[in-house]
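Reader: I would like a close look at the open sheet of this protein, with enough of its surroundings to place it. Please take me through it slowly and in connected prose.

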Amino acid sequence: MTHRPTGEPARPVRPHPEDTPWSGPPPEPGAVDPAVLGALLRRHGWQRRGGAPGRYGRWTPPGPGGGTSLLVPESHAFPDSDDLLAEALLALSRSGSPSAREVLVSLAVPSDEIRWWQEVPAGPAGAAPWTAEERLRTAARRMLLAAALATRARTGYHGARHRRAAAAALEGVLVGSATGGRLTAFVPVTGGRPLAVRLHQALFAAREAIDYQRATGGMDVFDAAVEAGVSHELTESLVALVRGTEGARIAVAWAPAAGVPEGCAPTAEPVEFSPGDLPALREAGARYLREEPAVPVRITGAVTRMRRSGPRGEGTVRLRVLAGADVPHVRIALDEEAYRIAGHAHLVGLPVRVHGRLESRGGFRRLTGAHGVAPVQVDDAERDRLLKELQENLDFFEEACGGDCGD
């Protein structure tokens with residue numbers, strides 16, 4: 001466990017779009033398509049209740065009491081259209097309605113929206129457990145990561161592979177507050193649409209595979225579902241979403257400003273999962289984990305840790321992967337000669353190249369059958385950096401090498 005020193009300020013956390021007041025002016029009317037605004041209002045529960053046909057519509061917010069209505073023009077064609085649009089956008093920016101904020105977020109950054117709903121058993125007086133919101137947010141985060149991983153590779157078990165690239169793909173995603181068993185994520189179309197498309201396809205493939213398994217007992221459909229993005233990581237996220245609830249739903253809504261992606265339906269009903277699906281999901285997750293094969297690789301990496309029980313014999317080396325595999329680190333068991341080569345390479349500021357099989361057990365963090373260990377020449381800048389890393393851990397490496405690394 002890492003503790004933050006007393007008195008050190010906490011790191012700033014990126015605010016969620018619904019956790020803080022709308023800052024700054026509303027979007028410029030000239031940059032907003034009235035048709036897109038109307039589509040977003042309808043998506044977020046606003047009701048059109050009249051207005052001049054062909055010119056503007058009057059929209060009222062969702063929920064009891066109605067609230068302040070908006071006059072939204074249908075196009076920029078009429079002289080007063082920009083004025084009406086400016087007033088509507090200003091009213092949205094001043095509204096305390098969560099739906100108004102969601103509309104403004106989607107206008108500011110054209111985004112596909114992913115929504116989760118959980119049916120959580122109510123406690124006394126209809127209250128939900130305080131942990132329910134955190135569980136929903138955690139399950140949603142894991143599901144987005146599974147979708148991001150599936151955009152990098154179609155495989156039943158990703159483990160530690162592609163994690164950095166998948167995490168980077170989620171940096172632009174905004175997630176709202178998890179309230180009332182409901183959560184919305186805004187995935188920017190620019191750079192994020194492949195993630196939304198993959199999740200959309202994977203959820204329907206998972207639903208079909210579960211239905212087939214429950215009807216026939218067969219698991220073969222889960223193998224085919226891998227091509228749609230279903231994986232151990234996705235099934236685990238669905239288990240986390242459904243466990244402890246009476247059911248859950250997920251829906252993907254496309255950004256009106258960007259249109260519908262190729263091969264996807266313009267509108268689709270939410271995909272529903274229930275507690276009765278959990279046995280099939282758990283069995284599929286275990287199947288993916290068990291059957292993912294080892295991968296033959298040739299890895300180039302910098303030695304970051306060495307360990308063996310005595311001054312002679314075989315030992316274990318940890319490499320920071322520079323090339324050859326989409327994982328950050330691997331552990332390798334080496335014989336005495338290979339261990340000596342790895343130690344000497346590190347002492348002179350050189351990475352090593354090694355052949356072997358990346359094992360799925362442990363999340364593709366272990367290389368077995370290692371052979372052909374040899375130092376690799378690098379440019380001066382990288383060598384200086386590796387030498388600096390060695391100097392910072394010199395005592396450790398002398399102990400790990402048993403005092404013979406410098407002979």
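Author: The secondary structure of this protein comes to twelve helices and 13 strands, in what is a predicted model. Of the 407 residues, 45% are buried, and the accessible surface is about 20700 Å², with carbon and sulfur atoms holding 52% of that area. Among contacts with a separation of 6 or more, 68% are between residues 24 or more positions apart.

The sheet you ask about is open and is formed by five strands in the order E5-E6-E4-E7-E8, with antiparallel pairing. Its edges are strand E5 (174-175) and strand E8 (271-273), and because each of these has a single partner strand, one side of each is left without a neighbour in the sheet. In general, the strands of a sheet pair through backbone hydrogen bonds, and the pairing may be parallel or antiparallel.

Starting from the edge at E5, the pairing of E5 with E6 is antiparallel and runs over two bridges. Here valine 175 stands opposite alanine 185 of E6. The hairpin made by E5 and E6 has six residues between the strands, and in this hairpin glycine 180 takes a positive phi near 60°.

On its other side in the order, E6 meets E4: seven bridges join strand E4 (residues 111-118) to strand E6 (residues 182-188), and the two run antiparallel. Two of the partners can be named, with serine 111 bridged to proline 188 in E6, and aspartate 112 bridged to valine 187 in E6. Strand E6 is largely enclosed by the rest of the structure, because six of its seven residues are buried. As a general point, the side chains of a regular strand alternate between the two faces of the sheet.

A helix also belongs to this picture. Helix H4 packs on the sheet, where it touches E4, E5, E6 and strand E7 (248-253), and the direction of H4 makes about 135° with that of E4. Within the ranges of these strands there is also a contact of a charge with a ring, since the charged end of arginine 249 sits over the ring of tryptophan 117, 4.6 Å from the ring centre. A second arrangement of this kind involves arginine 55, which lies over the face of phenylalanine 78 at 4.5 Å from the ring centre.

Following the chain onward from H4 leads to an aromatic pair, and the count of such pairs comes to one. The rings of tyrosine 157 and phenylalanine 364 have centres 5.8 Å apart and planes at 35°, so the pair is tilted. Tyrosine 157 lies in the loop between helix H4 (132-152) and helix H5 (163-169), while phenylalanine 364 lies in the loop between strand E12 (352-359) and strand E13 (366-375), so the pair ties together parts that are 207 residues apart in sequence. Both tyrosine 157 and phenylalanine 364 are buried.

The second of those loops leads to the other strand assembly, which is worth setting beside the open sheet. Five strands close into a barrel in the order E9-E10-E11-E13-E12, and their pairing is mixed. The twist in this barrel averages 50° from one strand to the next. Strands E12 and E13 pair in the antiparallel sense over six bridges, with histidine 355 standing opposite histidine 371 in E13. Helix H10 (residues 336-347) packs on this sheet and touches strand E9 (295-307), strand E10 (315-323), strand E11 (329-334), E12 and E13, and the direction of H10 makes about 70° with that of E9.

Two residues of E9 show the surroundings of that strand. Arginine 298 is placed in strand E9, and, leaving aside neighbours within four places in sequence, arginine 298 is in contact with Ala323, Gly324, Arg353, Val354 and His355. Arginine 298 and alanine 370 are 72 residues apart in sequence, yet 9.5 Å apart in space from C-alpha to C-alpha. Threonine 300 is likewise found in strand E9, and because its relative accessibility is 13%, threonine 300 counts as buried. Beyond neighbours within four places in sequence, the contacts of threonine 300 include Arg320, Val321, Leu322 and Ala323, together with Pro351, Val352, Arg353 and Val376.

Methods: Residues are numbered from 1 along each chain as its sequence is written. This is a predicted model: local features need pLDDT of at least 70, side-chain atom pairs count only at pLDDT 80 or more; totals for chains, interfaces and linings use all residues. Side-chain values use heavy atoms; hydrogens and water are left out. Rings of Phe, Tyr and Trp (its six-membered ring) pair if their centres lie within 6.5 Å; planes under 30 degrees apart count as stacked, over 60 as edge-to-face and the rest as tilted. Helices (H or I, at least four residues) and strands (E, at least two) are DSSP runs, numbered from the N terminus. Buried means under 20% relative accessible area, exposed over 50%, partly exposed in between (1.4 Å probe, protein chains only). A charge sits over a ring if NZ of Lys or CZ of Arg is within 6 Å of the ring centre and within 35 degrees of the ring normal. Two strands pair if DSSP finds at least two bridges between them. Contact means heavy atoms within 4.5 Å. Axes are lines fitted to C-alpha atoms, for helices over the stretch in contact, and angles run from 0 to 180 degrees between N-to-C directions. Accessible areas come from the Shrake-Rupley method with a 1.4 Å probe; for residues, only the protein chains shown count as cover.
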